[in-house]
Amino acid sequence: MSDCIFCKIVAGEIPSRKVYEDEDVLAFHDVNPAAPVHFLIIPKRHVASLETCDSGHRDILGRLLLLAPKLAREQGLANGFKTVINTGVDGGQLVMHLHVHVLGGSKLQHV
Ligand code: 5GP
Ligand code: ZN
């Protein structure tokens with residue numbers, strides 16, 4: 001997706017502060033953090049949103065979620081963290097490339 005901000009981050013065309021990377025997944029700090037620690041975990045291959053996922057995305061969805069506690073721990077979030085996946089217009093999704101927000105470092109507002 002040539003006009004997708006997160007695909008550009010994956011391609012290195014837009015710089016990011018990397019938290020984690022492997023063959024299929026990238027995690028990087030949010031440019032506009034909503035908590036003392038706020039990073040995003042994304043699939044490298046473009047997926048628009050949770051709404052467009054099907055059983056073929058089972059593996060990548062599992063990997064994104066399982067990375068959340070691992071990376072949260074590495075970022076020092078010993079007291080817990082919040083995960084958020086905004087989906088679609090009503091869900092407040094601004095970037096149409098699937099991402100898991102991981103937030104922590106202070107007591108966060110209950111959903
Ligand atoms: P959404 O509302 O789509 O769930 O969240 C998108 C998030 O991406 C926002 O928290 C926003 O701050 C972040 N974001 C948007 N553009 C960039 C960027 O170019 N770099 C980084 N690191 N984060 C971005
Ligand atoms: Zn994309």
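A residue counts as buried when its relative accessible area is under 20%, as exposed when that value is over 50%, and as partly exposed in between. Keep those cut-offs at hand for this tour, starting with Thr83: its relative accessible area is 39%, so Thr83 is partly exposed. Please also bear in mind that the structure on your screen is a predicted model.

**Stop 1: Thr83**

Select Thr83 and switch on a cartoon view. Thr83 sits in strand E4, which covers residues 82–84. Now show what surrounds this residue. Beyond the neighbours within four places in sequence, the contacts of Thr83 are Ala68, Val100, His101 and Val102. If you would like to try the distance tool, pick the C-alpha atoms of Thr83 and Leu65: 8.7 Å lies between them in space, and 18 residues in sequence.

**Stop 2: Phe81**

Step back along the chain to Phe81. You are now in the loop that links helix H2 (58–74) to E4. Is Phe81 buried, exposed or partly exposed? Its relative accessibility is 36%, so Phe81 counts as partly exposed. Select its contacts next: not counting residues up to four places away in sequence, Phe81 touches Ala68, Pro69, Ala72, Val102 and Leu103. Leu103 is a good partner for another distance, with 5.5 Å from C-alpha to C-alpha across a gap of 22 residues in sequence.

**Stop 3: the whole fold**

Zoom out and colour by secondary structure. How many helices and strands are there in the protein? You should find two helices and five strands. Followed along the sequence, their order is α-β-β-β-α-β-β. The radius of gyration is 13 Å, close to the 13 Å that the globule rule gives for 111 residues, so the protein is as compact as a globular protein of that length.

Rotate the model to see its extent: the C-alpha trace spans about 35 × 30 × 25 Å along the principal axes. With a surface display on, you are looking at about 6900 Å² of accessible surface, and 53% of this belongs to carbon and sulfur atoms. Of the 111 residues, 37% count as buried. Contacts also reach across the sequence: among those between residues at least 6 apart, 55% join residues at least 24 apart.

**Stop 4: the zinc ion**

Select ligand 2, the zinc ion, and show the side chains around it. Which residues are its protein donors? They are Cys4 and Cys7, each through SG, together with His46 and His97, each through ND1. These donors lie 2.1 to 2.3 Å from the zinc ion. Along the sequence, the donor residues follow the spacing C-x2-C-x38-H-x50-H.

Try the angle tool here. The four donor atoms subtend angles of 104 to 117° around the zinc ion, which makes the arrangement tetrahedral. For reference, the ideal angle for four tetrahedral donors is 109.5 degrees.

Look at the two cysteines before moving on. Cys4 has a relative accessible area of 7% and is buried. Cys7 is buried as well, with a value of 14%.

**Stop 5: the aromatic pair**

The structure holds one aromatic pair. To see it, select Phe6 and Phe28, whose rings meet edge-to-face, with 5.3 Å between centres and 80° between planes. Which elements does this pair tie together? Phe6 belongs to helix H1 (residues 5–10) and Phe28 to strand E2 (residues 25–29), so the pair links parts that are 22 residues apart in sequence. Phe6 is buried, with a relative accessible area of 7%, and so is Phe28, at 3%.

**Stop 6: Val19**

Stay with Phe28 and show Val19, a residue of strand E1. Leaving aside neighbours within four places in sequence, Val19 is in contact with Phe28 and also with Ala27, His29, Phe39, Leu71 and Gln75. At a relative accessible area of 16%, Val19 is buried. For a longer line across the model, join the C-alpha atoms of Val19 and Ile60: they are 18 Å apart, and 41 residues separate them along the chain.

**Last stop: Gly12**

Finish at Gly12, in the loop between H1 and strand E1 (18–21). Is this residue buried or exposed? Gly12 is exposed, with a relative accessible area of 57%. One more distance rounds off the tour: Gly12 and Val95 are 17 Å apart from C-alpha to C-alpha, and 83 residues apart in sequence.

Terms used: Residues are numbered from 1 along each chain as its sequence is written. Chains are lettered from A and ligands numbered from 1 in the order in which they are written. This is a predicted model: local features need pLDDT of at least 70, side-chain atom pairs count only at pLDDT 80 or more; totals for chains, interfaces and linings use all residues. Side-chain values use heavy atoms; hydrogens and water are left out. Donors are N, O and S atoms within 2.8 Å of the metal (3.2 Å for Na, K and Ca); water is not among the atoms, so sites may look incomplete. Four donors count as tetrahedral if all angles lie between 85 and 135 degrees; four count as square planar and six as octahedral if opposite donors are over 155 degrees apart and all others between 65 and 115; anything else is irregular. Buried means under 20% relative accessible area, exposed over 50%, partly exposed in between (1.4 Å probe, protein chains only). Rings of Phe, Tyr and Trp (its six-membered ring) pair if their centres lie within 6.5 Å; planes under 30 degrees apart count as stacked, over 60 as edge-to-face and the rest as tilted. Helices (H or I, at least four residues) and strands (E, at least two) are DSSP runs, numbered from the N terminus. The radius of gyration is taken over C-alpha atoms; the globule rule is 2.2 Å times the number of residues to the power 0.38. Contact means heavy atoms within 4.5 Å. Accessible areas come from the Shrake-Rupley method with a 1.4 Å probe; for residues, only the protein chains shown count as cover.
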